[in-house]
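Here's a quick briefing to read alongside the model. Have the sequence and the 3D view open as you go.

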Amino acid sequence: MRVADGRPIIGTTDDITPMVRWLFAVAALVVLIVAVGGITRLTESGLSITQWKAITGVIPPLTEAQWQAEFADYRKIPQYLDVNGPAGMTLAQYKFIYFWEWIHRLLARLIGLAFALPLAWFWFRRTIPLGYKPRLLALLALGGLQGAVGWWMVSSGLTPEAADRVSHFRLAAHLLTALVTLGGLVWTALDLMELRRGQAPARLQRFGVGVLAVLMFQLFMGAMVAGLRAGYVAGAGWFSMDAWPLMQGRFFPEGVEWAAGFFHALFSDPYLTHFIHRWWAWVVAAALVVLARRLRARRQRGISVAIHCAFGTQVLLGIFTVWSGMSLWLAVAHQLVGALLVMATVWGVHALGRRDQVGYGV
């Protein structure tokens, strides 16, 4: 059914299916950049490029002189002066960390184009269903905000008075903006699938809001752990009880700095942030089990299984990452599955708020 200007009210498969595929493709790119962002953080690569060049930054240094100029800029910041310089960083080592930050920024640009260009095409073709233009523009704005927050984060580590890393608060803002964008992409794609079937968009119920809030706090604390390098404070050793479930042989770790108050410790002390992150995970697991049970009661078994698999894998990866002494690839997998868990949870909350209980058609 269409109105006079040709825009779909209900929409047809030919109109809506390409938009659904587009949104899921962009969501997949966001998951990829979250994983690359994890590599960038764990390899201490995020400060290797000290300038933001929107156009010319696409091309990396190509000559020896260009590499030396980039390395000279990096040698002025605290991370080099306090850590990598005394450690004897070579140009070859600098090129390695530069590569990961360059890939991260390149992916960010590609995601922007992958969203903006098809959006302009659908807009021009007048195939965007009624009511979805503001939502798609909001997602575009979130993407732009993500880029701005990314540079705001990097800039926190470039000033002479900065620490040898970026602000962990800004890092958390950067990661959470990406994950909120991911959730918005998935929710919008699922709503379009409902529209394709002639159904109204899903409603966000209070229980769903609670589940998402519990998960968001866990993701925030995970970003705090990453930004403070708090993954190392528990100890290590495969299947060592002293590293997990204990922390350095104790249930509650020694060394928490309380002098500046509880909230400062909660968000800035590596011992306490790690402790909260590992045990809040079980609050998240309980909330997701309840969500999955409600979905099974409504004959949404596939979504229930996806949620269980995602959070079960995430918990195991968190434990293995600690036991391994922060193995790069286990830690990256932990962050990657965290993004997949966001997708599965949004899928479940969306299904709970649907107006009917007919299974999704892909």
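Throughout, buried means under 20% relative accessible area, exposed means over 50%, and partly exposed is whatever falls in between. By that yardstick glutamate 194 is buried, because its relative accessible area is 0%. Keep in mind that this is a predicted model. It's a helical protein, with 11 helices and 0 strands.

**Overall build**
- With a radius of gyration of 22 Å, close to the 21 Å that the globule rule gives for 362 residues, the protein is as compact as a globular protein of that length.
- Along the principal axes, the C-alpha atoms fill a box of roughly 70 × 50 × 35 Å.
- Of the 362 residues, 48% count as buried.
- Take the contacts between residues at least 6 apart in sequence: 75% of them join residues at least 24 apart.

**The core**
- The largest nonpolar core has 100 residues, and Trp22, Tyr94, Phe115, Leu136 and Leu182 are the ones with the most contacts inside it.
- Helix α6 (residues 168-196) supplies the largest share of this core, 15 residues.
- Leucine 136 shows who meets whom: leaving aside neighbours within four places in sequence, its contacts are Met19, Trp22, Leu23, Phe115, Leu119, Ile128 and Thr188.

**Isoleucine 97**
- Isoleucine 97 sits in helix α4 (residues 91-125), and at a relative accessible area of 5% it is under the 20% limit and so counts as buried.
- Setting aside neighbours within four places in sequence, isoleucine 97 touches Thr43, Glu44, Ser45, Ser48, Tyr74 and Met89.
- Arginine 41 is 56 residues away from isoleucine 97 along the chain, yet their C-alpha atoms are separated by 9.9 Å.

**Salt bridges**
- Side chains of opposite charge can pair when their charged atoms come close.
- A search of the whole structure turns up 8 salt bridges.
- One of them pairs glutamate 44 with arginine 229 through their side chains (3.0 Å, N to O).
- That pair ties together distant parts of the chain, 185 residues apart: glutamate 44 is in the loop between α1 (13-42) and α2 (64-74), and arginine 229 is in the loop between α7 and α8.
- Glutamate 44 is partly exposed at 23% relative accessibility, and arginine 229 is partly exposed with a relative accessible area of 23%.
- Arginine 197 bridges to glutamate 194, with the closest N and O atoms 2.7 Å apart.
- Arginine 197 is partly exposed at 28% relative accessible area, whereas its partner glutamate 194 is buried.
- Through shared partners, salt bridges also join Arg41, Glu44 and Arg229 into one network.
- Aspartate 73 and lysine 76 make another side-chain salt bridge (3.7 Å, N to O).
- In this pair, aspartate 73 is partly exposed at 22% relative accessibility, while lysine 76 is exposed at a relative accessible area of 60%.

**The surface**
- The accessible surface comes to about 17,000 Å², and 68% of that belongs to carbon and sulfur atoms.
- Look for a nonpolar surface patch formed by Phe251, Phe252, Trp258, Phe262 and Phe263, with about 560 Å² of accessible area together.
- Within the patch, phenylalanine 252 lies in the loop between α7 (206-227) and α8 (262-268).
- Phenylalanine 252 has a relative accessible area of 32%, so it counts as partly exposed.

Conventions
Residues numbered from 1 in each chain as written. Predicted model: local features only at pLDDT ≥ 70, side-chain atom pairs only at ≥ 80, totals over all residues. Heavy atoms only, no water. Patch = residues over 30% accessible without salt bridge, like charges linked within 9 Å, V, L, I, M, F, W, Y side chains within 5 Å. Areas by Shrake-Rupley, 256 points an atom, 1.4 Å probe, with all protein chains shown as cover. Salt bridge = Lys/Arg side-chain N within 4 Å of Asp/Glu carboxyl O. Helix = DSSP H or I, 4+ residues; strand = E, 2+ residues; numbered from the N terminus. Buried < 20%, exposed > 50% of the residue type's maximum accessible area, 1.4 Å probe, protein only. Contact = heavy atoms within 4.5 Å. Core = buried A, V, L, I, M, F, W, Y, C linked by side-chain atoms within 4.5 Å. Rg over C-alpha atoms; globule rule 2.2 N^0.38 Å.
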